[in-house]
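Subject: Model for you to look at, with notes

Dear colleague,

I am passing on the structure we spoke about, and I would be glad if you could read the notes below with it open beside you.

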Amino acid sequence: MTRKEELLQDVVIKFAGDSGDGMQLTGQQFTNNTALLGIDLATFPDFPAEIRAPIGTLPGVSGFQLRFSSDMVYTPGDHCDVLVAMNAAALKVNLKSIKPGGKIIANVDGFDNKNLRLANYPDGVNPLEDGSLDAYDLTTVDVTKLTREALKDFTELGTKERDRAKNMFVLGLIYWMYNRTLDSTIDFLTEKFGKKPGILQSNIKVLQAGYNYGDTTEAFTTRYKVEKARMKSGLYRSIMGNQALSMGLIAASQKSGLPIFLGTYPITPASDILHELSKHKAFGVRTFQAEDEIAGITSAIGASYGGSLGVTTTSGPGMALKSEAMGLAVMLEIPLLIVNIQRGGPSTGLPTKTEQSDLMQAYYGRNGECPMPIIAAATPSDCFDVAYEAVRIAVQHMTPVILLSDGYIANGAEPWKFPVSAELQPIEVKFKKQLDEGEEKFLPYKRDEKLVRPWAVPGTAGLEHRIGGLEKQDVTGNVSYDQDNHQHMVKTRQAKVDKIADYIPLQTLDSGPQKGKVLVLGWGSTYGAIKSAVAELQAEGKAVSHAHLRYVKPFPRNLGEIIRNFDKVLIPEINNGQLVRIIRDEFLVDAKGYNKIMGVPITKSELLDAIEAML
Amino acid sequence: MSAAAATSVPLTAKDFATDQEVRWCPGCGDYSILAQVQKIMPGIGVPKENIVIISGIGCSSRFPYYINTFGMHSIHGRATAIASGLKATRPELSVWIVTGDGDSLSIGGNHTIHLLRRNFDVNVLMFNNQIYGLTKGQYSPTSEQQKITKSTPFGSIDHPFNPAALAMGADASFVGRSMDRDPKHLQYMLTRSHQHKGASFLEIYQNCNIFNDGAFEVFTEKSSKADEALFLEQGKPLVFGATQNKGIKLDGLKPVVVELGNGVSADDLWIHDERDFFKAQLLVRLFDDPNKEGGHYPRPFGVFFETDRACYEDVMSMQIEETIATKGKGDLDKLLRGKEVWEII
């Protein structure tokens, strides 16, 4: 049989199956394999909150979308070219996201009567057989049967254990389809199951069987290839947001000389930072799984008070629980990093779904006048830089800092041109060690030109002092209920945070002319979608520009100027309109929002429509 | 006990006073506790700068302002959690937590039990006055049932905590009780708390003369103290009474109050052993209402229990040291690079 080989520029593939089918692992493996070839990529894992929702049902579907391209990509793609559907529910849930004429690879065994019923197909209806998928390029594969067949010699394994390797068959088949080698996954399996030779060998066997199946069956007539992307030269690795964020913290710790203390409580989608940091004891990292969210942040405050880099990580509901302690950190004026990996809210909301839900909470969600700087990550690899920068601000301005990320970038992966440590800007830390000349007494709230007070940690002889959550007299830090002093201190704490704007870079445009019709202003994980949509419109000659905020509070000094250079401002957000209100309030402009609150990222195509409507 | 080196210049209680005016109500039991802490501090062998006092919210929690060490007056109920983070990162410091019955058993109850089970080497001084003082007189988790307060005009229906039993239940490695009106005993107990390596839970009966005056007077007043208070001494029989005429013996697992004489001697009595976990469980349960009709147990004071158990911060440091010893110090460039890289030319 002759086979065609076709060169593609851009592919979106989605692996979808039951949450027990191992689709996340399959997707991650394919991601890794793709990254190692120097192909640009973006991923979007999408899974249910239940660890094991009822098998075969629509709510139990877990998906992993991956876009890879020989061009630079900034989103995981609006629609997929290829859908791998392990069961009927996976097909039903994802049918609307396949491109017209797209390829469907369906596991026949997942479309038996039971699975069809669980996916709410009417009696006697099987989409694989009734012609309803004629508009697509459908290939059926009996993955379960072929997997069992491949493992028939592995007599020590039960049926359940054999069937668990199904995802390796699919992975092998897709590797064949895109001209890949199996090496990266064999290495992964060897490391994971090295001590369980039976499991290791069976997985490799099924992986190879899937690959060979592609090679021998006549169902597939074409193999595809995507070439290396034209990325900046240098060394790259694949990175996920929470992983990058953890590394940013370790890097900041190494460059500042401050040991990390992470006080935290497990919560989706932030827990992976705890998992990652707890591995790195060799860097002196201390992780403390506290009894609750409040102990998470307060233990971190205790650590910062003692001269460590106190960090706490959480998501929306945990953020709410921490708010009183954040107020304490504002009063104490000590460095602290509060990381919020946002998810759908309110209350428990959508724990595994992404949302830019907590900007208002970060801005205003505390009692009293309680200003804190806020910084937001735009992409998975950006989490590294943002974590590093957040630590710098916290330490150099003696303030708690809120870092906002979200479920989409936390779990998403992309290639990362990682830095070498020598390139990283050092973070200078000044502990007060003794009284200065002419000082008779230590004055814990005496400020420098940045309005920053000294950091004097326990163990420093002669600098014994008391601090607390009660209002303090300026300079001395003694308790004060004086009315003028309170007004002065509220203003001073605000001025201190505002002053950070003098120590951050000016805002730049990500793309587009300095003046024009429409400015698309974003923050956080909408970066890729905005960048892609704006680029397309610019290519058509439209006067659209894109600015993306890393520093959300205080804003860069020139943000107002940039905004006023455009006739209209569009602010796309995955929430009901939060930044848009703050921008209107701050700059008195008639900014418009584009808001999607469906637990999924904004797509490029819907943004194109929204921007065009303003042109 | 802190591992800190002994101070070279001898200090006195005065060195531990601050320039801040003490603002507790005149006659408050907190004055005595403050004085006893200031008295023992020079003698515990820790340089002043290595002592940190962390408090929550409540009358007791103003404590740090009045003692010239490092200190933090934090937020309600969280002193224990703040102290955990501090001790985890600075094991060499001598960390003292000053808290009240509302602060540590109500709003901060969760942190208290977890601090005790983790066994950080810190000292918890729990001032128990069985009332909310700073918020002006509501009942607390240690207030007796039927108590009439501002928030319970018909009498409290809450069953009170037995703090020492709670601490035992949380596997505290040191559990003791003392009182504001017995300075010598309090100094002894503060010193013992400090000397214990691990989390010490010291309940201190403290009189709130404004909102709950006389809550503990049967244990503290001369006329009743001898009959109602039982002072525990290591290796000694449980004896009390005006003329040391009464004792407690064990009838199986049941403590029985007996009169000494008439064939009953000290040899028949329960001999106190701070290291006996099971006996300590019984001892903390001697918690009768002193007004109970028809006989009741006296209330014990002293060290109920002490045991040696690894401290959280030490094991935490050990894990780090062991990792560095076996794998070497972390290499940032190696971490950033990860396992798999590719080059774009």
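What follows is a short account of confidence, of the contact between chains A and B, and of some strand pairings.

Please keep in mind throughout that this is a predicted model. As a whole it scores ipTM 0.96 and pTM 0.94, and chain B averages a pLDDT of 95, with 97% of the residues at 70 or above. The exception I would point out is residues 1-7 of chain B, where the pLDDT is below 50, although this stretch still has 18 contacts in the model beyond near neighbours in sequence. Where pLDDT is low, the predicted coordinates should not be read in detail.

Turning to the interface, the contact between the two chains takes in 59 residues of chain A and 51 residues of chain B. On the chain B side, the elements that give two or more residues include strand 2 (70-73), helix 4 (109-118) and helix 10 (312-327), while helix 2 of chain B supplies the largest share, eight residues. Sorted by class, the side of chain B that touches chain A has 23 nonpolar, 18 polar and ten charged residues.

Strand 2 of chain B also takes part in a pairing across the chains, where three bridges join it to strand 17 (residues 466-468) of chain A, the two strands running parallel. Within that pairing, B:Gly71 is the bridge partner of A:Arg466.

Elsewhere in chain B, strands 8, 9 and 10 are linked by two hairpins. Strand 8 (residues 239-240) pairs with strand 9 (residues 246-251) in the antiparallel sense over two bridges, with B:Val239 opposite B:Gly247; five residues lie between these strands, and B:Gly241 in the turn has a positive phi of about 105°. Strand 9 of chain B then pairs, again antiparallel, with strand 10 (residues 254-259) over six bridges, and here B:Asp251 stands opposite B:Lys254. In this hairpin two residues lie between the strands, and B:Gly252 takes a positive phi near 65°.

Finally, a note from the records: UniProt, in an unreviewed entry, places the feature "domain: Thiamine pyrophosphate enzyme TPP-binding" at residues 57-204 of chain B. In the model that span is 32% helix and 20% strand, and its end C-alpha atoms lie 17 Å apart.

With best wishes

Conventions. Residues numbered from 1 in each chain as written. Chains lettered and ligands numbered in written order. Predicted model: local features only at pLDDT ≥ 70, side-chain atom pairs only at ≥ 80, totals over all residues. Contact = placed C-beta atoms within 7 Å. Helix = DSSP H or I, 4+ residues; strand = E, 2+ residues; numbered from the N terminus. Nonpolar A, V, L, I, M, F, W, Y, C, P; charged D, E, K, R; others polar. Pairing = 2+ DSSP bridges. UniProt positions renumbered as here; feature names shortened; annotations may be inferred. pLDDT = per-residue confidence, 0-100.
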